[in-house]
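Visitor: I am new to this structure and would like to know what the terms used for it rest on. Could you show it to me before I ask?

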Amino acid sequence: MIFLATKRLQAPAARAPHFSFALMLAPLFAVLVAASCIAEERACGPDALGVSRVVDIDRSKGTAIGLQTYPRTLDLHDHEVILTFDDGPAGPTPQVLDALAKECARVTFFLIGRNAESLPALVKRAGAEGHTIGHHSYSHPDKTLRLMSESAAKADIEKGIAAVDKALGAKAAPFFRFPGFADTHELVADLTSRGYTVFGSDLWASDWAKMTPKAELDLVLSRLEKNRKGIVLFHDAQEITAQMLPEFLRELKKRGYSLVHIRPGDAPTPIVDAGPNWTSTTEPIIAKTLGPKAKLAPQTNGRGAQDEAPKSGEPRGE
Ligand SMILES: [Zn+2]
């Protein structure tokens with residue numbers, strides 16, 4: 001980055017003497033960039049969690065990932081984690097951002113459009129601090145997008161995208177997570193055809209349940225030790241998550257986990273398919289919460305009906 005910046009300023013200067021002022025500034029610019037990088041390293045120190053690597057999510061080819069909902073996920077190495085936070089920006093979000101900054105950690109936020117309208121400064125802050133900003137609908141409807149008409153669901157998604165982009169002051173990542181994981185084949189197909197990657201999760205912290213921050217910490221760590229890697233779902237709107245996050249990040253470092261940061265890019269998304277015995281974790285929960293009317297219609301290709309069938313053997317609704 002320093003090399004490129006210097007080179008860009010030097011090239012015209014060699015041909016045009018009036019660019020000599022720019023040439024004089026180039027070393028200063030390089031020093032400033034280097035100083036800010038060093039400052040960040042110093043601020044965190046070698047003991048900080050940091051980011052071990054950045055993975056491109058192909059912005060030209062959408063897909064749907066996260067084993068709790070889809071039969072494929074990101075191809076991570078053992079002990080690699082991706083942290084994601086839903087439902088913000090909200091009251092506890094600054095505390096979450098502070099904890100992440102202290103560890104030089106980078107994560108992905110799936111924002112509710114309505115919240116982004118109310119708290120645009122937090123959206124800008126999250127973006128400015130290097131986090132990836134994705135979408136999570138405009139209104140996070142209680143009935144879920146699945147139980148809305150397709151046109152109403154699409155309108156809610158689009159309104160959310162526009163609200164987040166406006167608050168961010170730039171185009172957010174083409175990343176989407178369905179509220180309650182309640183997708184439909186049509187909505188997933190529409191989003192992925194437009195280059196959006198739909199995110200489920202590989203494990204979650206259950207931070208919507210009533211528990212202490214310590215209980216959440218123990219729970220998510222035990223799930224992580226079982227999975228050994230994956231896309232982890234939290235909610236930055238949850239106070240308990242904001243409270244337990246500093247210790248969770250310290251524990252990740254202590255236990256030898258490394259943090260992967262995802263962002264839209266041009267390289268193919270590294271995908272690994274689930275095994276033949278894969279079943280959805282979220283479909284039985286959605287069926288239990290919303291009733292038989294929320295069942296996905298059978299589909300013969302992509303996510304097959306066979307894959308969707310909950311273990312409970314409940315009849316598949318229309
Ligand atoms: Zn949500």
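Visitor: Which residues of helix α9 are buried?

Guide: This is a predicted model. In α9 the buried residues are Ile240, Thr241, Ala242, Met244, Leu245, Phe248, Leu249 and Leu252. Among the elements that cover them are β4, α8 and β10. Helix α9, residues 239-254, also gives the most to the largest nonpolar core, namely seven residues.

Visitor: What makes histidine 140 count as buried?

Guide: The cut-off is 20 or more other C-beta atoms within 10 Å. Histidine 140 has 20 C-beta neighbours inside 10 Å, so it counts as buried. Histidine 140 sits in the loop between β6 and α6.

Visitor: What makes phenylalanine 181 count as buried?

Guide: The cut-off is again 20 or more other C-beta atoms within 10 Å. Phenylalanine 181 has 24 C-beta neighbours inside 10 Å and therefore counts as buried. Its loop runs between β7 and α7.

Visitor: What is the phi of each of these two residues?

Guide: For histidine 140 phi is near 45°, a positive value in a residue other than glycine. For phenylalanine 181 phi is near 60°, also positive in a residue other than glycine. Most residues other than glycine have a negative phi.

Visitor: Why is strand β10 called mostly covered?

Guide: Six of the six residues in β10, residues 230-235, are buried. One residue of β10, valine 232, is listed among those that touch the most other members of the largest nonpolar core, which has 71 residues. Contacts of valine 232 include Val81, Ile82, Leu203 and Trp204, leaving out residues up to four places away in sequence.

Visitor: How do you know that β10 pairs with β9?

Guide: Two strands pair if there are at least two bridges between them. Strands β9 and β10 have two bridges and run in the parallel sense, so by that cut-off they pair. Leucine 203 has valine 232 as its bridge partner in β10. Strand β4 is also joined to β10, by six bridges and in parallel. There, aspartate 86 has histidine 235 as its bridge partner.

Visitor: How does the span of α9 compare with the expected one?

Guide: Helix α9 has 16 residues, and the expected span at 1.5 Å a residue is 22 Å. From first C-alpha to last it reaches 24 Å, which is close to that value. A kink of about 45° lies at leucine 245, shortly before proline 246.

Visitor: What is the omega of the peptide bond that joins glycine 88 and proline 89?

Guide: Omega is about -5°, and the bond is cis. Proline 89 is in the loop between β4 and α3. Most peptide bonds are trans.

Notes. Residues numbered from 1 in each chain as written. Predicted model: local features only at pLDDT ≥ 70, side-chain atom pairs only at ≥ 80, totals over all residues. Core = buried A, V, L, I, M, F, W, Y, C linked by C-beta atoms within 7 Å. Buried ≥ 20, exposed ≤ 12 C-beta atoms within 10 Å, placed from the backbone. Helix = DSSP H or I, 4+ residues; strand = E, 2+ residues; numbered from the N terminus. Contact = placed C-beta atoms within 7 Å. Expected span 1.5 Å × (residues − 1). Bend = angle between axes of the 7 residues up to and from the residue.
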